[in-house]
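The following account leads through a protein chain, beginning at a single residue and widening to the fold around it. The sequence and the coordinates are best kept in view throughout.

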Amino acid sequence: MLGGASSAPIDARTNEIATFAVEQLKHGKANFPIKGNLQLAKVVSAKRQVVSGTNHILVVEAADDAGPKTLEVTVWEKLSCNVKENDAAMELTHFKLVGPAAE
């Protein structure tokens, strides 16, 4: 649906995008406070929103040295025609801590 976010399957591509988001957080690209090595555990839910490209809105479980946490992240996947030379095809545009990971 154009404009609104709709449910999306959790598949290999979704996991690839979630891994990208966690790597961005892990390497300080989004000014997210982590304690040690942040690792993706699993994707809990996924939505997609068609914009000028696609927003992938994911709830993920990850863990660092302080323990497990649940995060909401949004990754904007740009249309290939809008990706300029030396420009990234994806960008982490939003993240927030939504709680500890479910046990």
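Val-73 is buried, with a relative accessible area of 1%, a value that falls under the 20% cut-off for burial. The model is a predicted one, and this residue offers a convenient point of entry into it. Val-73 is found in strand β4. Which residues are in contact with Val-73, leaving aside its neighbours within four places in sequence? They are Ala-21, Leu-25, His-56, Ile-57, Leu-58, Leu-92, His-94 and Phe-95. Of these contacts of Val-73, Ala-21 and Leu-25 are also listed among the buried residues of helix α1. A further relation in space concerns Thr-93: its C-alpha atom lies 7.7 Å from that of Val-73, although the two residues are 20 positions apart in sequence.

Strand β4 holds a second buried residue of interest. Thr-70 lies in this strand and has a relative accessible area of 10%. Because this value is under 20%, Thr-70 is classed as buried. The side chain of Thr-70 has a polar atom placed 3.0 Å from the backbone oxygen of Pro-100.

From these two residues the view may be widened to the chain as a whole. Its secondary structure consists of one helix and five strands, and the elements follow one another from the N terminus in the order β-α-β-β-β-β. The five strands form an open sheet with the order β1-β2-β3-β4-β5 and antiparallel pairing. At its edges stand β1 and β5, the latter covering residues 90–99, and each of these pairs on one side only. From one strand to the next, the twist averages 30°.

The pairings can be followed across the sheet, starting at β1. This strand, residues 5–7, runs antiparallel to β2 and is joined to it by three bridges. Within this pairing, Ser-6 stands opposite Arg-48 in β2. Arg-48 also has a bridge partner in β3, namely His-56.

Strand β2 spans residues 39–51 and β3 spans residues 53–64; eleven bridges join these antiparallel strands. The connection between β2 and β3 is a hairpin through one residue. Besides the bridge of Arg-48 to His-56, the partners across this pairing include Ala-46 with Leu-58 and Gln-39 with Ala-63. His-56 and Leu-58 both appear among the contacts of Val-73.

On the next pairing, β3 meets β4, which comprises residues 67–78, and twelve bridges hold the two antiparallel strands in register. Here the hairpin has two residues between its strands. One opposed pair in this part of the sheet is Val-60 and Leu-71, the latter in β4.

The helix can now be placed against the sheet. Helix α1, residues 12–26, lies across β2, β3, β4 and β5, and runs at about 110° to β2. Which residues of α1 are buried? They are Thr-14, Ile-17, Ala-18, Phe-20, Ala-21, Val-22, Gln-24 and Leu-25. The cover over these buried residues includes β2, β3, β4 and β5.

The length of the helix can be checked by a short calculation. The expected span is 1.5 Å times one less than the number of residues, so the 15 residues of α1 should span 21 Å, and the C-alpha atoms at its ends are indeed 21 Å apart. At the start of α1, a side-chain oxygen of Asp-11 comes within 3.2 Å of the backbone nitrogen of Arg-13. Beyond the helix, Gly-28 follows with a positive phi, near 75°.

Totals for the chain complete the description. Of its 103 residues, 34% count as buried, Val-73 and Thr-70 being two examples. Among contacts with a separation of 6 or more, 53% are made between residues 24 or more positions apart. The accessible surface of the chain comes to about 6000 Å², and carbon and sulfur atoms account for 53% of this area.

Methods. Residues are numbered from 1 along each chain as its sequence is written. This is a predicted model: local features need pLDDT of at least 70, side-chain atom pairs count only at pLDDT 80 or more; totals for chains, interfaces and linings use all residues. Side-chain values use heavy atoms; hydrogens and water are left out. Two strands pair if DSSP finds at least two bridges between them. Helices (H or I, at least four residues) and strands (E, at least two) are DSSP runs, numbered from the N terminus. Buried means under 20% relative accessible area, exposed over 50%, partly exposed in between (1.4 Å probe, protein chains only). A polar contact is a pair of N or O atoms within 3.5 Å; within protein, one must be able to donate a hydrogen and the other to accept it, and residues adjacent in sequence count only if both atoms are side-chain atoms. Axes are lines fitted to C-alpha atoms, for helices over the stretch in contact, and angles run from 0 to 180 degrees between N-to-C directions. Contact means heavy atoms within 4.5 Å. Accessible areas come from the Shrake-Rupley method with a 1.4 Å probe; for residues, only the protein chains shown count as cover.
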